[in-house]
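Colleague: Got a minute to go through this one with me? I'd like to take it piece by piece.

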Amino acid sequence: MPSADAVVVGAGLAGLSATLALAEAGARVHLLAKGHASTHWASGGLDVAALPRAVTVREAVARLADDARHPYAILSDALPPALEWIRGMLQHEGLPYVGTIDGPVVPVPTSIGATRPAAILPAAQAAALRPWEPGERLVVCGPGGFKDYWPHAIARGLRRAGAWWGSAGPERVDPLVVELPGVRDRLNLDAIELARLFEEPGWRWDAFAAIRRALIIGGLDGPGRMALPAVLGLDDHAAVLAEATSELPLEPFEVPLMPPSVPGLRLYRALRAAIVRAGGRVQIGQAVVRIGVRDGRVVEVAMEAAARQFVVRTDMLIMATGGIAGGGLVGHPDGTLREPLLDLPVEAPPAMSWLAREPLAAGGHPLEAAGIRSDAELRPVDASGRPAGPAGVRICGSLLAGQRYLRERCGDGVAVASGWLAAGAHRPSAPRRDAPQSLAGEVAG
Amino acid sequence: MSITELIEAAAHEPVTSTADGCLKCNVCNTVCPVSRVTDLFPGPKYVGPQAQRFRLAPGSPPQAGSVMPVLSPDHTVDLCSGCGFCTNACPAGVRIAEMNSRARAQMRADRRPHLRDWLLGQPDLLGRVGVPLAPLANAALRNRAARWVGETLVGVHRHAPLPTFSRRSFRTRWSRSRGRRLRAPGSADPERSVVYFHGCAANYYEPEVAEAAISVLERNGLEVIVPQQVCCGLPLISNGLYAQARARARHNLTTLATFARAGFRIVGTSTSCTHTLKAEYREMLDLDDEDARAVSGATWDICELLLDLHERDRLDTRFGRSDRHLPYHPPCQLRSHGIGLPALDLLALVPGLDAVDLDLDCCGVAGTYGLKREKYDIAMAVGQPLFRKLRESGADEAACDSETCRWHIAKATGIRVRHPVQILAAAYVAYAAAEAEAAGAPSDG
Amino acid sequence: MGERMLTPDVLVIGGGATGAGLLRDLARRGLRCLLVDRSDFGTGTSGRYHGLLHSGGRYVSKDPSAARECIVENQVLRRIAAGCIEDTGGIFVATPDDPDDYVDAFPGACAAAGIDCDEIPVTETLRREPALSPAIRRAFRVPDAALEPWQLIEANLADARAHGADAWPYQRVVAIQRDGRRISGVTVRDERSGASTRVVPRMIASAAGAWAGQVAALAGVELMMSPGKGTMIVYNQRMTDTVVNRCHPPGDGDIMVPVHTVAILGTTEELVEDPDDDETSSDEVQALINEGEALFPALRRMRVLRAYTGVRPLYRDPAVQGPEASDDGRAISRSHIILDHEARDGVEGLISIVGGKLTTYRLMAEQAANAVCAKLGMSEPCTTAGEPLPGMGDSRAHWLGHRLAEHEDRGGGDADLICECEMVTRAMLERFLDRRGPCSIDDIRRGTRLGMGPCQGGFCTFRAAAIMAERAPDGHTDRAAPGGSASDPEGALSTFLNERSKGTRAVAWGRQLQELWMVTGIYVGVMGLEGSSSEHGGEATEDHGAVS
């Protein structure tokens, strides 16, 4: 039975952040997860906070932190250094991010022709953050035959009144469908496959030439930028992006797509690589099925395996299992939400009122804020604030109650800050390394 | 029912009903090595949970007036190599690769098996014929004309990484050196002995792996019992020949279950065979009876067992120094075990040895998949990143736990690939030699 | 803009199966006919049933004449509409709770009604349908099947159009004018453009089903319908490839029908005032599952995609007393009645057809057409039973795997799959749009099954919306069907997704809740859907700092 200083459950941004922070601090850490999830579904940007009438991220965070029940009430101090830290790590892995929490939150185009508020984006998406100068045009450019990016529909959406929330958008928005070599003939085509095509130097040379030609033929030159689907390479992304920037006459930026998210995959891979390099273990594929507890403390974490459970001995469990979408909270037919690993008390609206509102209605949904309540150290507590569950547990990411991650766009900020805080990275010293006592007896499940 | 029981019930639900969990999120498609290299394969989501909804259950009554029964009308599922990455990546517990295997078996069920698949499915049959004729058979395997004939008539690719037959099978060597000791469970101490399942590779092609394993086990005070056994049946399973596989499984279960019930551990040197004993008999062949459960619970991969000894302070760690870089490739089947990377932990015990996980997905061969005429090119393309990284490493030797991967990587790169247990066995020998040298050499002082 | 005026021989009101069948029947007899529906075709009861082509077995004990009608029409439809039918066969199984006398009498009652019924051994039944409860005691095979309603309606309309008739969706009858006893005209309003049309038919045939009372009221006729609300739930996978009925007096949760890629568990029964009452409650869903578990014990662990509610067009003759007059919906006959409002109410030029079930839609249409013809002094015979519906004569067209097999025959791959769950290709979608013109995503769903799979439109809706947008000329601002317009794909998207989520509310647990949440997260978080424009433009008033 291997032992570890800490086990992190969940491979989303929170779990990856916690694992990396621990591994960097020299802790022996195992990240265990059933599969990939949130990073692969997300935009690849870092959504820290965005609220109406809050000009900057920092302002939005401060407003959210004013509410004692919001995770930012605990995390707002940790947030700036945690963001700095993870951006440094990502930069080191060749995935730099642009924008700061003091910069403005601006509307950036999406692949259904709407806009979303953003402030911190990977370099490939960053050109969308800059204010639009008078006379600038936006060309929405995508390959013909690709079902997840429709330039005409996107351009039409971006031309609608209000699409840019009243702020200055591009002066013109034009669609451009380009036939890229061999793409139309493919039987199978998704964002990943396009990203791999862009990694072939010869192919992308031809592709950029085809785009240049189409821009000239379409008369779409002049000052402006172009919105490309987020498929500019995966492993070799930096090179593809550099070439796109130098070869295309309009400054390109990537627009995130429906899953599989290529920018999200890049983020996942960069963090995973950093973890492995720092000596952390990442084991993805089987569900964590049991947390061993003795004398009120976590002592081991068991993962499903082919013949017998794979058990890691540890006294620190970081739960980054996600919210409802990630499977960290499970809905039951009786109208309750439950936390499946430790049956921790879930803070949620009353049973059976879950979907009383339309999920896409402006203003969000009450169920968004559901989760596990924690104390300032991210230890789970019950409704009255008393400790819940065994000792040695920390809660991270979207499992934390009180955030409305859709409406407040705070999911990534909460994930990074809570992962970093749970790992103890805010403390000057490395986490405890004292091994648990001998485990001769039977461990209670 | 407790939450844990619910999770465990879910973990043991039938493979095909796990399709119910599919969120359509495309995460599986991001990890598929086959769809990465060929446009012919639509990827795990398409052939797995998506196609599953269009498949009739086996046993469905034929529907009048239609072209029924067509249980599984798609044919692209045959391009799935069964590596299992999709299953491991799925956040919703869908057993995609296993589902694909079943679909292939449904497709094959009402047809006569292809001669090639029938042959490749039975390495034990090939071995029984090939070993007595080893010089002749190996010459034929090296002969270009014979290989051409094999490709044209049988459908085995002319460049397929076929192993050479050993001149004597492991069993022959074993019975000559140790006598025909077919020990009954009652005559040995389950605490001090293990049952060795050598499988076909170690028996007919690489007896040196079996001998290395036995020397390491014996070095650690374990008596090795080699019971009567036949091919585990995995090649038949992956060629969709479930009925034939079941016959072999029953044969093995009968022998092995008596040992398992008597408390013996069953150890194997092929991650594929051990995974078959652990999981596939129950999951794929529906042999989920008491025998199968007993054998599953008793089966260990050699490195898993050795690491377990180490964690209980029972492993002799006196390994000889070996100052070199050793690239290590964990085979896909190992990931399905869900036991982490025990070989890497063991190799780290060898002083000076810098064993590094290559951290790439699949070598491409996937058992017998890459041997086939129509799939060889796919297998080579899948393995390219691994081959490249291996060549760039400059190492002259690499380690891998699975035989078909070893043969494939070795053939593609020209680099020698050995089982980790061979490295450990050599390190024991090196230690003994160094000791002897130290004892024999005059002290310089 | 002046009002259009049309003078068909017959105006058919209601574009469900009965109306479409009636239009076909009348057109084939040589009458010039127009059909109007307030919404898309097949959005009322026809599109909201369980998908069962009855053998009649369900009615043998209580209503033998309905059972006889069912088996006769079952055989007719297998001839004329084979392409809409998946010949799954059906079984009636007796659980330990089902009354012996009912079970013992069942085969005899089937024989008396002319329904082929063989008892099959329980072991054989369980081998074929392993998800069935091992506790079942007996099993009888009957010729049930699965019947696809929208294709059936489309095919009837296509044949009617080929015989000179016309059919308009989204045209609501807003007024019926009378000249004394005689109906003198009808005003129809286009629900999309608001334009009105005046129709002056020789006869009106109301096939408005549960809404027939509302239509009759426009003509000043009192017609009391007793709409019977029935809830059904859709399972993600077919746990049975055969229609399974419980062998007992008809009740709740006792039919499971494999329909395309899903299985549908039906139904509940509750009399309601308003035929538009389509709320599905969690209680109804839980009650259905509780009952259904007697047939399929693992039901609670299987993934439910959605729940929906249909309204049976039940009619209680005010003259009838006894059990029929009770509040128990199941006591009301499933038979149909043609109401001649001239004889009944003294209003000339209007008949209504009420009651009945989808399996007997053609017979209802035939009898209604006979009544219309009699009024118009015609004696053309009915030909709808003999002639296959266009494109529907081939039973090989419809079986579970057909879309997968056809797609693979065309080369396979996912590049062209717009809806991956239900394998709707771009070409299928474009053909539908060519045929239908401006329409909503929900119309596309009924026409192609787009969005009917596990993700309930999550991954395909924006593609469909984009294709609609790409087809409309730039700058074009059409007024398409409510909830879907090419000039506002984003609006079409949120309308459709919210609409789909309604059907998910009552079944939102486990994977389906997770799915809904993931999809919502992607659309709001990554795609910026949800009026971000207004929220971040400084217009919002709600205090976002206040988290409850």
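Modeller: Sure. Glu279(C) sits in the loop between strand S19 (270-271) and helix H7 (282-292) of chain C. Keep in mind that this is a predicted model.

Colleague: Is Glu279(C) buried or exposed?

Modeller: Its relative accessibility comes to 53%. The cut-off for that class is over 50%, so Glu279(C) counts as exposed.

Colleague: And which residues gather with Glu279(C) in a patch of negative charge on the surface?

Modeller: The patch is on chain C, and Glu279(C) belongs to it. Its other members are Glu273(C), Asp274(C) and Asp278(C).

Colleague: On to the rings. How many aromatic pairs does a search of the whole structure find?

Modeller: The search runs over all chains. The count it gives is twelve.

Colleague: Take Phe198(A) and Phe208(A): is that pair stacked or tilted?

Modeller: The ring centres are 5.8 Å apart, with the planes at 40°. Stacking needs planes under 30 degrees apart and edge-to-face over 60, so this pair is tilted.

Colleague: Where do the two residues of that pair sit?

Modeller: They are ten residues apart in chain A. Phe198(A) is buried at 5% relative accessible area, and Phe208(A) is buried at 1%. Phe198(A) belongs to helix H7 (residues 191-198) and Phe208(A) to helix H8 (residues 201-217) of chain A.

Colleague: What kind of pair do Phe319(B) and Tyr428(B) make?

Modeller: Here the ring centres are 4.5 Å apart and the planes are at 25°. Planes under 30 degrees apart qualify, so the pair is stacked.

Colleague: How many residues apart are Phe319(B) and Tyr428(B) along the chain?

Modeller: Phe319(B) lies in the loop between helix H18 (302-311) and strand S5 (324-329) of chain B, while Tyr428(B) is in helix H23 (residues 420-440). Both are buried, Phe319(B) at 5% and Tyr428(B) at 4%. The pair links distant parts of the chain, and the separation is 109 residues.

Colleague: Which residues do ring pairs link into a cluster in chain B?

Modeller: One Phe, two Tyr and one Trp take part. They are Phe165(B), Tyr204(B), Tyr205(B) and Trp407(B).

Colleague: Back to chain A: how far apart are the C-alpha atoms of Gly264(A) and Ala42(A)?

Modeller: Gly264(A) is in helix H10 (residues 262-277) of chain A, and it is buried at 0% relative accessible area. Along the chain, Gly264(A) and Ala42(A) are 222 residues apart. Their C-alpha atoms are separated by 5.8 Å.

Colleague: Now salt bridges. Which residue does Asp174(A) form one with?

Modeller: The structure holds 97 salt bridges over all chains. In this one, the closest N and O atoms are 2.5 Å apart. Asp174(A) is buried at 8%, whereas its partner is partly exposed at 45%. That partner is Arg172(A).

Colleague: What is the N to O distance in the bridge between Asp286(B) and Arg102(B)?

Modeller: The pair links distant parts of chain B, 184 residues apart. Asp286(B) is in the loop between helix H16 (271-283) and helix H17 (290-298), and Arg102(B) is in helix H6 (residues 96-109). Arg102(B) is buried at 18%. The N to O distance is 2.6 Å.

Note on methods: Residues are numbered from 1 along each chain as its sequence is written. Chains are lettered from A and ligands numbered from 1 in the order in which they are written. This is a predicted model: local features need pLDDT of at least 70, side-chain atom pairs count only at pLDDT 80 or more; totals for chains, interfaces and linings use all residues. Side-chain values use heavy atoms; hydrogens and water are left out. Patches are made of residues with over 30% relative accessible area and no salt bridge: like charges are joined within 9 Å, nonpolar side chains (Val, Leu, Ile, Met, Phe, Trp, Tyr) within 5 Å. Accessible areas come from the Shrake-Rupley method with a 1.4 Å probe; for residues, only the protein chains shown count as cover. A salt bridge is a side-chain nitrogen of Lys or Arg within 4 Å of a carboxyl oxygen of Asp or Glu. Lys and Arg count as positive and Asp and Glu as negative; His and the chain ends are not counted. The place of a charge is taken as NZ of Lys, CZ of Arg, CG of Asp or CD of Glu. Helices (H or I, at least four residues) and strands (E, at least two) are DSSP runs, numbered from the N terminus. Buried means under 20% relative accessible area, exposed over 50%, partly exposed in between (1.4 Å probe, protein chains only). Rings of Phe, Tyr and Trp (its six-membered ring) pair if their centres lie within 6.5 Å; planes under 30 degrees apart count as stacked, over 60 as edge-to-face and the rest as tilted.
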